[in-house]
Amino acid sequence: MSVLVVGLSHRTTPVALLERVTVSGDALVKLLHDVQSDENVSEALVVSTCNRVEVYAVVDRFHGGVTAVTNMLAAHSGLPQEMLARHLYVHYEDRAVQHLFTVACGLDSMVIGEGQILGQIRAALRLAQEEGTAGTTLNELAQHALRVGKRAHADTGIDRAGASLVGVGLTLAERVLGPITGRRALVVGAGSMSSLSTATLSRAGVTDIVIANRTRERAERLAETVGGRAADLADVPAELAEADLVISCVGAGTRTITPETIGDRGRPLFVLDLALPHDVDPGVRDLPGVTLVDLKSMQQDGVDDVSDGGRAEAICEVRRIVAEEVAAYLDAARAALVTPTVVALRSKAAGVVEAEMGRLLSRLPDIDGRMRDEITQTVRRVVDKLLHEPTVRVKRLAASPGGDQYAEALRELFGLDPKKPEAVSSLEVEQ
């Protein structure tokens, strides 16, 4: 069984098409189960954000797995398979591991080094665990990816080199409005992106922040964190009249801000639409004094170039970390493949020792207990010493490419079945 990733992101796909493929809520749960239910797939995990939709699957056949995942993505998005296929990328085995680690470090993000992707991978893993679609392989892979991402952020300057989408948006806002300190900001939505936006606004010195949300209680909780004020979605037109800066992060598929809700202001307004599907009607760009920046315009303008801040050096260091961690993960994975075979070998040897000692003692019924124990321990030590060198070597060799052939040779030579109950129980005890 091997790891396969099939996905599309802001690097390969127009925002409008990516918007149609993005899944969340019940649709995301259904996609997870639909992928796993295919005969070619044993495990599934989906990372779905505003910038990417990636399906990670454990498959027994490459072509069958790619076909299955592609068909599911097409079915859930309602897009023709041939249209979708033009934008998909596929990674398999070692490359799939490298891709996930690269994503976890923020190197594949729209804004290089952003840390929000770690939370999104963690949420994807949690959902797959809750739904029972992530087994041992994807659990271990995703957990390792999270550790790699944390290491990259802790050991390098990638956090300083790259900013979040919100931070970049505020940089663009200051180009239009001038300093945003003392300005009034309206945040529409109260989810994770809205929380990030609110915190970033507060750190930037914006003290007059209004949170508008469908659920008033959530808006109030978020507003309390920055000393702001809560509002209902119905109040958005009135709040827009007083705002200088708007960040919308609802993503519910409806236009929360339109030319009509903004109206005739007579002064500048900067609107940052971070939702997917988009919250803001593109027509607001035609209003005098209104500047709209959304994910599509960021994609076209290359927002990760807003500032470098030592980014090139940090990226180089993170890539080194990724390469190192990929090698460590693959070595451990290959070594783990041989462990059941080694356990089965030792289990079989222990069984032979017990059988032979039983026969010996039946012929020597008068032997005293001390002598019996001494003979038993001597035979076991002989067997352990004979097995020690080959088992250590096979574990070491298994960590190299093609190492599974050594485990296969052991199974063939000694007639081993690692799946037998006694071998499985021994493995559980050993681990």
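## A salt bridge within helix 15

In this predicted model, E317 and R320 sit 3 residues apart in helix 15 (residues 311-363), so about one helical turn separates them. They form a salt bridge, and their closest N and O atoms are 2.7 Å apart. E317 is partly exposed, at 29% relative accessibility, and R320 is partly exposed too, with a relative accessible area of 38%.

This pair has company: E317 and R320 belong to a network of salt bridges that also links R151, D155, E324 and E325.

## Other salt bridges to look for

Across the whole structure, a search finds 21 salt bridges. One of them joins the side chains of R11 and D108, at 3.0 Å from N to O. Which parts of the chain does this pair tie together? R11 lies in the loop between strand 1 and helix 1 (15-21), while D108 lies in the loop between helix 5 and helix 6, so the bridge ties together parts that are 97 residues apart in sequence. R11 is partly exposed, with a relative accessible area of 46%, whereas D108 is buried, at 13%.

You can also find a salt bridge between the side chains of E220 and R216, at 3.4 Å from N to O. These two residues are 4 residues apart in helix 11 (residues 216-224), a separation of about one helical turn.

## The open sheet

Now turn to the strands. An open sheet is built from 4 strands in the order 2-3-1-4, with antiparallel pairing. Strand 2 (41-48) and strand 4 (89-92) are at the edges with a single partner strand each, so one side of each has no neighbour in the sheet. From one strand to the next, the twist averages 15°.

Strand 2 and strand 3 make a hairpin with 3 residues between them, and 7 bridges join these antiparallel strands. To see one bridge, start at S48 and look for its partner V53 in strand 3. Is strand 2 mostly covered or uncovered? It is mostly covered, with 6 of its 8 residues buried.

Helices pack here as well. Helix 5 (residues 94-104) lies across strands 1, 3 and 4, at about 115° to strand 4. Helix 6 (residues 116-131) lies across strands 2 and 3, at about 145° to strand 2.

## Nonpolar cores

The largest nonpolar core has 60 residues, and L73, L84, L201 and L274 have the most contacts inside it. Helix 9 (residues 165-177) gives the most to this core, with 7 residues. Among the residues that L73 touches are V6, V53, V55 and L84. Apart from this core lies another, of 38 residues, including V5, V58, V97 and L125.

Note on methods
Residues are numbered from 1 along each chain as its sequence is written. This is a predicted model: local features need pLDDT of at least 70, side-chain atom pairs count only at pLDDT 80 or more; totals for chains, interfaces and linings use all residues. Side-chain values use heavy atoms; hydrogens and water are left out. Two strands pair if DSSP finds at least two bridges between them. Axes are lines fitted to C-alpha atoms, for helices over the stretch in contact, and angles run from 0 to 180 degrees between N-to-C directions. Contact means heavy atoms within 4.5 Å. A nonpolar core is a set of buried Ala, Val, Leu, Ile, Met, Phe, Trp, Tyr and Cys residues joined through side-chain atoms within 4.5 Å. Buried means under 20% relative accessible area, exposed over 50%, partly exposed in between (1.4 Å probe, protein chains only). A salt bridge is a side-chain nitrogen of Lys or Arg within 4 Å of a carboxyl oxygen of Asp or Glu. Lists of a residue's contacts leave out its neighbours within four places in sequence.
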